[in-house]
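Q: Please take a close look at one part of this structure for me. I am in my first year, so keep the steps short. Start with one helix and work outwards from there.

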Amino acid sequence: MSHHLVETRDLSFAYPDGTPALRGINCRFVHGEAVAIVGANGAGKSTLLLHFNGLLLAQSGEVRIGELPVTAGTRAQIQRTVGYVFQDSDDQLFMPTVEEDVAFGPLNMGLPSVEVKARARAALERVGAAHLATRAPYRLSGGEKRAVAIAGVMAMLPSILVLDEPSAGLDPAARWRLIELLRSFTHTRIVATHDLELVRELCSRVLVLHEGRVEADGTPREVFADAALLARCHLAAPASAVAAPCDAAAAAQQQRT
Amino acid sequence: MSRIDAALRELRSLEALAARDTPLARVDPRAKVLVTMAFIVTVVSFDRYSIAALLPLALFPMALAALGDVPAAPLARKLLAAAPFALFVGIFNPLLDRAPMLVYGDLAIAAGWVSFASILLRFALTVGAALVLVAATGMHPLCAALGRLGVPQVFTVQLLFLFRYAFVLGAEASRMTVARELRSCGRGMALAAYGPLLGHLLLRAFERAQRIHLAMLARGFDGELRSLWAMRWQGRDTLFVLAWCAYFVLVRAIDMPLAAGRLLLGAA
């Protein structure tokens with residue numbers, strides 16, 4: 001499957017109680033892009049992300065990953081391409097040890113045990129959590145849990161990473177480690193977040209959702225400079241948001257050191 | 001630390017014991033499950049007034065605890081925690097079954113008291129054996145073994161998740177209790193407060209269950225919980241099962257304490 005494109009056309013979705021969550025979303029992400037989806041609580045960020053992985057299916061409109069429309073029939077194939085990291089790592093980590101949890105996805109893909117173990121080891125090394133392999137997930141810190149949850153998705157070798165509030169609940173050090181880790185990936189990354197500093201550090205593009213609609217689509221610099229837009233969508237620009245990207249990166253580096 | 005936190009820590013400590021390398025941990029989980037099931041069937045097969053005849057069966061949980069290096073104190077605490085259920089089941093026997101059964105001089109003991117004591121002994125034996133099984137095996141291998149022995153996946157997966165998320169829900173319950181206590185100005189928890197607390201907990205459990213299910217589907221879950229580690233049945237596992245089953249048959253067929261008593265009295 002070509003994984004060069006994530007696209008929605010007139011995507012709408014309402015929850016069973018009638019609450020409309022998405023109203024005619026049109027967006028298009030290309031290979032290798034790091035895109036942030038921002039917006040106030042209830043803007044539709046998580047609902048939109050769930051459509052990319054086939055966990056929710058379009059009620060009207062369409063979602064496509066490469067050439068494949070996201071439907072019940074293509075869901076299994078889509079989920080091998082699109083890895084989804086949940087907001088609360090406790091929802092994702094349920095096996096008795098970290099290694100077994102990371103192996104959960106590859107085992108469900110029907111891979112042989114030797115390859116599953118190799119993938120689990122490689123994914124844990126990739127996120128810097130190899131030393132946690134034999135630990136029980138409930139004994140990990142918030143940052144460790146998040147890293148292991150990402151490893152659990154990475155072990156399935158997806159082309160596209162979808163992350164829901166990846167920095168929520170992390171202490172500053174763990175948050176910076178996460179940002180560094182996500183920056184090191186070459187996958188297409190779609191991140192729903194309230195953390196606009198993470199957006200500034202990681203993403204080249206920002207999609208602003210408001211009441212289920214795309215309110216703006218631009219670079220972080222453009223979006224953060226639009227005070228009226230931010231106020232309308234209940235957002236606040238991060239400190240030194242309009243600094244040049246290299247300045248922001250340098251400032252971030254200084255903050256880290 | 002709240003009582004809920006303490007109980008959860010205690011439960012976790014039991015699971016942590018299973019991670020150690022002990023002679024019992026090396027036995028195939030299926031063999032341990034089969035033997036424990038045979039043990040429980042043997043215990044419940046005795047008549048309702050049996051006490052002495054059951055005593056030789058205590059060897060099984062004690063031997064398992066020794067082989068699995070399971071400490072006695074946490075086991076005893078968990079047995080005590082579950083004891084009210086056994087007390088509730090048997091407490092009416094002395095009231096309903098008053099016919100004298102044992103007479104020691106002027107003291108006549110009613111049959112209801114004997115059956116009550118038998119219930120408590122059976123409870124200690126069966127629950128003790130089950131606790132040792134969990135402590136020496138771990139919930140995940142245990143559920144995997146049950147699945148391999150033919151128990152439907154829907155039950156084994158539910159059991160596993162019940163165990164895993166009891167901790168998460170327990171932590172939520174603990175936080176809710178602490179939040180309530182902080183605003184209670186020293187007043188105890190009224191009965192009326194339990195309703196909303198349990199209601200909130202149920203709703204949170206429901207929401208979390210939905211999120212967990214989504215997280216599992218996102219990683220290709222199709223109803224079968226696969227394991228990274230293959231189980232291998234070896235000769236020693238067969239020997240383990242056969243030896244214990246032979247012992248249970250022997251204890252069931254021969255009233256050992258009675259036979260020993262007769263032997264001693266005859267010798268005297």
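A: What follows starts at one helix of chain A and then moves out to its surroundings and to chain B.

Keep in mind that this is a predicted model.

**The helix**

Take helix H4 of chain A, residues 98-108. Is H4(A) mostly covered or mostly open? H4(A) is mostly covered, with 11 of its 11 residues buried. Charged side chains are part of that list: Glu99(A), Glu100(A) and Asp101(A) are buried. So are Val102(A), Phe104(A) and Leu107(A), among others. The cover over these buried residues includes H5 and H6 of chain A. Just past the helix, Gly110(A) has a positive phi of about 80°.

A general point helps when you look along any α-helix. There are 3.6 residues to a turn, so residues three or four places apart point the same way.

**The core around it**

Now follow Val102(A). Val102(A) is among the residues with the most contacts inside the largest nonpolar core, which has 81 residues. Others with the most contacts there include Val85(A), Val148(A) and Ala151(A). Which helix gives the most to this core? That is H6(A), with seven residues.

Ala151(A) shows how the parts meet. Leaving aside neighbours within four places in sequence, Ala151(A) is in contact with Val102(A). Its other contacts of this kind are Ala123(A), Leu124(A), Arg126(A), Val127(A) and Ala129(A). Look up H4(A) and H5(A): Val102(A) is one of the buried residues of H4(A), and H5(A) spans 113-126.

A second, separate core has 33 residues. Ala25(B), Val43(B), Leu121(B) and Ala129(B) are included in that one.

**The sheet next door**

H6(A), residues 142-154, also packs on a sheet. There H6(A) touches S6 and S7 of chain A, and its direction makes about 165° with that of S6(A). The sheet is open and has six strands, in the order S6-S7-S8-S3-S9-S10 (chain A). Its pairing is mixed. Strand S6 (82-85) and strand S10 (213-218) of chain A are the edges, each pairing on one side only. From one strand to the next, the twist averages 15°.

Strands of a sheet pair through backbone hydrogen bonds, either parallel or antiparallel. S6(A) and strand S7 (residues 160-164) of chain A run parallel, joined by four bridges. Val85(A) stands opposite Leu163(A) in S7(A). Val85(A) is also one of the core residues named above.

**The side facing chain B**

Return to H4(A). Chain A puts 26 residues in contact with 19 residues of chain B. Which element gives the largest share of the chain A side? H4(A) does, with seven residues. Helix H2 (75-81), helix H3 (89-92) and helix H5 (113-126) of chain A also give two or more residues each. By type, the residues on this side of chain A are 13 nonpolar, seven polar and six charged.

**Across to the partner**

Chain B has 11 helices and two strands. Five helices come before the two strands, and six helices after them, as the run α-α-α-α-α-β-β-α-α-α-α-α-α shows. Of its 268 residues, 25% count as buried. Its C-alpha atoms fill a box of roughly 70 × 55 × 30 Å along the principal axes.

The two strands make a hairpin. Strand S1 (residues 100-104) and strand S2 (residues 107-110) of chain B run antiparallel and are joined by four bridges. Tyr104(B) has Leu107(B) as its bridge partner. Two residues lie between the strands, and Gly105(B) in the turn has a positive phi of about 65°.

Chain B is assigned two domains: domain 1 (1-151 + 228-255) and domain 2 (152-224). Their centres are 28 Å apart, taken over C-alpha atoms. In this chain, 11 residues of domain 1 are in contact with 13 residues of domain 2. On the domain 1 side, helix H7 (139-148) of chain B gives the largest share, five residues.

One last residue makes a contrast with H4(A). Ala83(B) sits in helix H4 (residues 72-90) of chain B. Is Ala83(B) buried or partly exposed? Ala83(B) counts as partly exposed because it has 14 C-beta neighbours inside 10 Å.

Conventions:
Residues numbered from 1 in each chain as written. Chains lettered and ligands numbered in written order. Pairing = 2+ DSSP bridges. Axes fitted to C-alpha atoms, helices over the stretch in contact; angles between N-to-C directions. Contact = placed C-beta atoms within 7 Å. Nonpolar A, V, L, I, M, F, W, Y, C, P; charged D, E, K, R; others polar. Buried ≥ 20, exposed ≤ 12 C-beta atoms within 10 Å, placed from the backbone. Domains from an automatic or database assignment. Core = buried A, V, L, I, M, F, W, Y, C linked by C-beta atoms within 7 Å.
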